[in-house]
Amino acid sequence: MGYRLQKLYKNWEEDPNIGFVMMKGSGRAFCAGGDIVSLYHLRKRGSPDAIREFFSSLYSFIYLLGTYLKPHVAILNGVTMGGGTGVSIPGTFRVATDRTIFATPETIIGFHPDAGASFNLSHLPGRLGEYLGLTGLKISGAEMLACGLATHYIRSEEVPVMEEQLKKLLTDDPSVVESSLEKCAEVAHPEKTGVIRRIDLLEKCFSHDTVEEIIDSLEIEAGRKKDTWCIMTLRRLKESSPLSLKVALRSIREGRLQTLDQCLIREYRMSLQGLIGPMSGNFCEGVRARLIDKDEAPKWDPPSLEKVSEDMVDNYFSALTPTEPDLDLPVKLRESI
């Protein structure tokens, strides 16, 4: 699919008869992310080149989308998770609905938020990016609009009307596309119990330098307020891979100071480490426990945060071998954001 999207998008970009591109899901979801069960089987079969191809094609398409020369509209009418966020958020316009569910739940399967997540999450308000990247918990379409992940919001039953209006447009002018979207768009109010209403608490708890300090801060808040949100957040962090948590925190913090291409090149190195490198057992164990055996009892290595060394985290950010090529993106031909 990554290769197919690249080919189509390159052809459309060069076609003077095409003004803009609209992307939507074919079923109940927009896109639930990469086929991690297939990746699991590739890893088990010992197919490293196929794994390289998977990430290379996906990340290259994300870069193409992030530097696309024509307006792009992604209609996120349903589940938008993992790689699904990567193939939509870098585009010009993202339309969320009351059916949208956004999440980057990689730490729960022993992986790291990828597909451009370290760029997308790090540019959210306050420490929302750290919260979403570490916990993998869901937010709604209204919350996506409030934090800037979505540019517009409509009710799901109005999606066909909006699509028909867009199909009538003959333009490559983003302001004309935006005007059409705004005619259908509605005001969305995030849920009172949602994370968007807790930006100050996120700043207080997720601004710390280490995962251990973040957890300590949440435990203090949970004990002081008996806050169910704090308790739920803590539970999720404690279910996640300790190594993945430390890797995710560093990745998002680095992403805050990097361009999209720099994030994707770094994430490619990290993804190969996570699937092929010495620590790839965590991904296999996470997928086994969550999606294959479904016993919900992964045995992480290391099993606790205190046993995750700085060297382990450093290794996750390094190339597999000194001769391993980096992701080759056309940065000289397409200017990154």
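This briefing covers a sheet, a helix that packs on it, and a pair of helices. The structure is a predicted model. Its open sheet has 4 strands, paired in parallel. Helices H6 and H12 pack with their axes 9 Å apart.

**The sheet**

- The strand order in the open sheet is E1-E2-E4-E7.
- Strand E1 (21-24) and strand E7 (152-154) are the edge strands, and each of them pairs on one side only.
- On average, neighbouring strands of this sheet are turned by 20° against each other, with direction ignored.
- Strand E2 covers residues 72-76, and 4 bridges join E2 to E1 in the parallel sense.
- Lys-24 has Ile-75, in E2, as its bridge partner.

**The helix on the sheet**

- Helix H9, made of residues 174-184, packs on the sheet and touches E2, E4 and E7.
- The direction of H9 makes about 10° with that of strand E4 (93-97).

**The helix pair**

- Helix H6 spans residues 128-135 and helix H12 spans residues 228-239; the angle between them is about 50°.
- H6 is therefore oblique to H12, as an angle of about 50° lies outside the ranges for roughly parallel (under 35 degrees), roughly perpendicular (65 to 115) and roughly antiparallel (over 145).
- On the H6 side, the contact involves Tyr-131, Leu-134 and Thr-135.
- On the H12 side, these residues meet Trp-229, Thr-233, Arg-236 and Leu-237.
- By type, the residues of the contact of H6 with H12 are 4 nonpolar, 2 polar and 1 charged.

Note on methods:
Residues numbered from 1 in each chain as written. Predicted model: local features only at pLDDT ≥ 70, side-chain atom pairs only at ≥ 80, totals over all residues. Heavy atoms only, no water. Axes fitted to C-alpha atoms, helices over the stretch in contact; angles between N-to-C directions. Helix = DSSP H or I, 4+ residues; strand = E, 2+ residues; numbered from the N terminus. Contact = heavy atoms within 4.5 Å. Nonpolar A, V, L, I, M, F, W, Y, C, P; charged D, E, K, R; others polar. Pairing = 2+ DSSP bridges.
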